[in-house]
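Colleague: Before we discuss this model, I would like each label tied to the rule behind it. Could you take me through them one at a time?

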Amino acid sequence: MSVLTRTADVDAPPTGAAGAPRRRNRRSWGSHVFLAFLVLYFVLPLWFLVVASTKSGGGLFNSPNGALWFGDGFALFDNLRTLFTYNDGIYLRWLGNSLLYAVGGGVGATVLAVLAGYAFAKFDFPGRRLTFALLLGAVMVPMTALVIPTFVMLSEVQMTNTVWAVVLPSMLSPFGVYLMRVYCADAVPDELLDAARMDGAGEFRVFRQVALPLMRPAVVTVLLLSVVGTWNNYFLPLAVLSDSQLFPVTVGINLWQGLAGANNGGGVSLYTLIIVGSLVSILPLIAAFLGLQKYWQGGLSIGSLK
Amino acid sequence: MATLDTAPRPQAPAAHPAPARSRRRRRGRTQGLIGWAFLAPFAVVFLVFLVAPLLYAFYLSLFSKGLATGERFAGLDNYTRAFTDPAFLNGVWFVVRFSLVVIPVQILVALAAALVLDSVTSRFARFSRLMIFVPYAIPAVIGAVIWGFLYSPNFGPLEQLFGDGAPFLLSPDNLFYGFTNVVTWQWAGYYMIIIYAALQGIDPAVYEAARIDGAGSWQIATRIKIPMISSALILILVFSLIGTLQFFTEPQVLTPISNGAISTDITPNVYAFNLAFRFAQFNYASAISFALGFVVFIGVYVFLFLTRKRGGFLK
């Protein structure tokens with residue numbers, strides 16, 4: 001194929017040869033303008049968040065340079081101090097809760113998904129087809145439709161308003177199992193597993209030492225998806241938790257949002273806290289995504305490349 | 001390695017057909033048990049947190065509870081009530097209309113961004129890819145809160161740009177645009193990455209062949225790239241369909257600042273939440289949850305059935 005193109009280039013008349021790169025440049029110039037426009041749109045709210053975080057409570061509303069530029073003073077550190085000390089430092093507790101739920105639910109979901117995906121891909125057990133059909137159906141069940149019955153169920157066994165009420169339901173990830181199955185079926189050859197069995201390795205050892213290392217990209221992807229899913233979850237903790245000490249940061253900030261509307265901050269500008277609190281709460285995930293770029297960018301294609 | 005000596009060596013199957021078959025059968029049975037052992041932990045969570053709540057929701061939905069009457073069996077009364085309840089029907093109508101607007105918008109933005117990113121390779125393109133994706137890492141609540149500030153008639157940039165004539169994006173007339181903007185901002189980057197990854201998976205030799213046949217960039221994009229990534233597009237459509245039909249977080253979060261434009265029954269999910277947690281009508285709320293789940297399930301299933309030739313997703 002490349003030979004053909006090369007001859008085509010050579011045979012092309014000189015005007016065409018000179019025109020081609022120029023056309024490509026113009027196109028790429030247009031592409032870059034388009035991209036710059038998109039970047040502006042997607043980053044603007046974050047820019048606003050950063051700028052607004054440096055303003056004092058009053059400056060937020062009467063900013064001389066508008067909402068999208070820095071105001072007179074620089075109150076970021078004051079705001080941060082207020083954020084972390086307000087109400088006995090409840091914000092830090094919310095961050096800790098978010099972390100606990102995200103790690104607990106995310107790791108749990110990943111472990112279950114890896115085991116189940118491996119089972120679906122590599123074992124022929126009775127009921128496999130039926131169970132997998134059920135799983136595919138479950139991918140289509142909207143998770144929020146489960147929140148209210150889950151709440152009622154958990155309250156019957158007196159488990160609402162506990163950490164478990166958030167962590168345990170978060171371990172359910174049918175889509176994670178599906179991704180694992182798809183990936184494992186391709187990436188883990190049966191022959192390799194059989195060879196390990198011939199060598200006398202037990203089933204669990206075959207899984208741990210042969211299959212698991214080959215599934216690593218999918219494991220990272222599912223882990224990332226489920227940690228982010230749990231960290232960002234709002235409906236479930238909102239429904240099952242009532243003690244604000246147990247709130248994750250999403251529900252906590254929304255609590256402030258409600259109170260700020262009622263003007264109930266007790267002398268503190270809750271709007272400032274909401275803005276600084278939002279900024280601080282999104283930093284960990286953004287950092288995680290930037291740090292793990294090479295994993296998630298490749299990994300997210302698993303479901304779509306079949 | 002010590003186990004090597006004790007492990008039975010497989011014998012040539014041809015020499016002893018009968019024992020080999022019985023061994024294979026035995027191995028099949030133990031294999032089945034091991035398969036189930038690997039599946040069991042997930043199966044437990046699946047039963048407890050998916051199957052049980054669904055069945056329980058259905059059970060709850062068959063009863064009604066009144067102060068005077070107590071709990072009594074109501075049959076399908078809750079469902080007839082739901083499907084004649086203007087609050088519920090309005091919510092359904094709202095999410096259906098909203099889906100028809102927001103899904104194409106999101107997918108077009110994501111697709112355009114992915115196609116452009118796929119055609120240029122520069123440091124700025126890599127940077128853009130990350131920046132467009134960043135909103136995905138931001139919780140929907142925080143995204144809604146930020147946009148709430150930006151929409152604010154008190155100090156948002158729109159107010160400063162247009163003065164008193166600024167459109168308030170959470171007024172009854174503009175609600176649609178306000179929500180479309182937040183949701184697109186939140187999800188387009190994630191969809192863009194999925195499409196982009198699928199585009200990167202196409203063999204470049206295909207483009208080369210097309211170029212030789214005289215295809216321009218536009219033709220390559222519409223006749224080769226888009227058809228070749230159709231399974232990724234279907235995956236995204238399914239995700240956004242499931243997501244928009246159960247729209248909850250943004251309306252819930254933005255209600256306090258909308259001056260009443262966002263009602264407590266704006267979407268079925270918001271309605272069910274308010275029924276359950278403000279009015280303690282758990283039976284009716286369960287009926288609505290179950291009906292919503294069922295409608296989404298059927299909708300997605302029909303969609304996948306119609307597009308079954310196109311995609312490998314859920315095959």
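Modeller: A salt bridge here is a side-chain nitrogen of Lys or Arg within 4 Å of a carboxyl oxygen of Asp or Glu, and by this rule the count comes to six over all chains. The model is predicted, so local features need pLDDT of at least 70 and side-chain atom pairs count only at pLDDT 80 or more, whereas totals for chains, interfaces and linings use all residues. Residues are numbered from 1 along each chain as its sequence is written, chains are lettered from A in the order in which they are written, and side-chain values use heavy atoms, with hydrogens and water left out.

Colleague: Why is the meeting of Lys122(A) and Asp190(A) called a salt bridge?

Modeller: The N to O distance between their side chains is 3.1 Å, and the rule asks for within 4 Å, so the pair qualifies. Lys122(A) belongs to helix H4 (residues 76-122) and Asp190(A) to helix H9 (residues 190-198), 68 residues apart, so the pair links distant parts of the chain, helices being DSSP runs (H or I) of at least four residues numbered from the N terminus.

Colleague: How many salt bridges does the rule find across the interface of chain A and chain B?

Modeller: Zero salt bridges are found there. The contact (heavy atoms within 4.5 Å) nevertheless takes 104 residues from chain A and 106 residues from chain B. On the side of chain A that touches chain B, helix H2 (residues 14-53) gives the most, with 16 residues.

Colleague: What makes up that side of chain A, by residue class?

Modeller: It divides into 73 nonpolar, 23 polar and eight charged residues, where Ala, Val, Leu, Ile, Met, Phe, Trp, Tyr, Cys and Pro count as nonpolar, Asp, Glu, Lys and Arg as charged, and the others, Gly among them, as polar.

Colleague: What is the area buried between chain A and chain B?

Modeller: About 9,400 Å² is buried, with carbon and sulfur atoms giving 78%; buried area is the accessible area (1.4 Å probe) that two parts lose on being put together, summed over both.

Terms used
Helix = DSSP H or I, 4+ residues; strand = E, 2+ residues; numbered from the N terminus.
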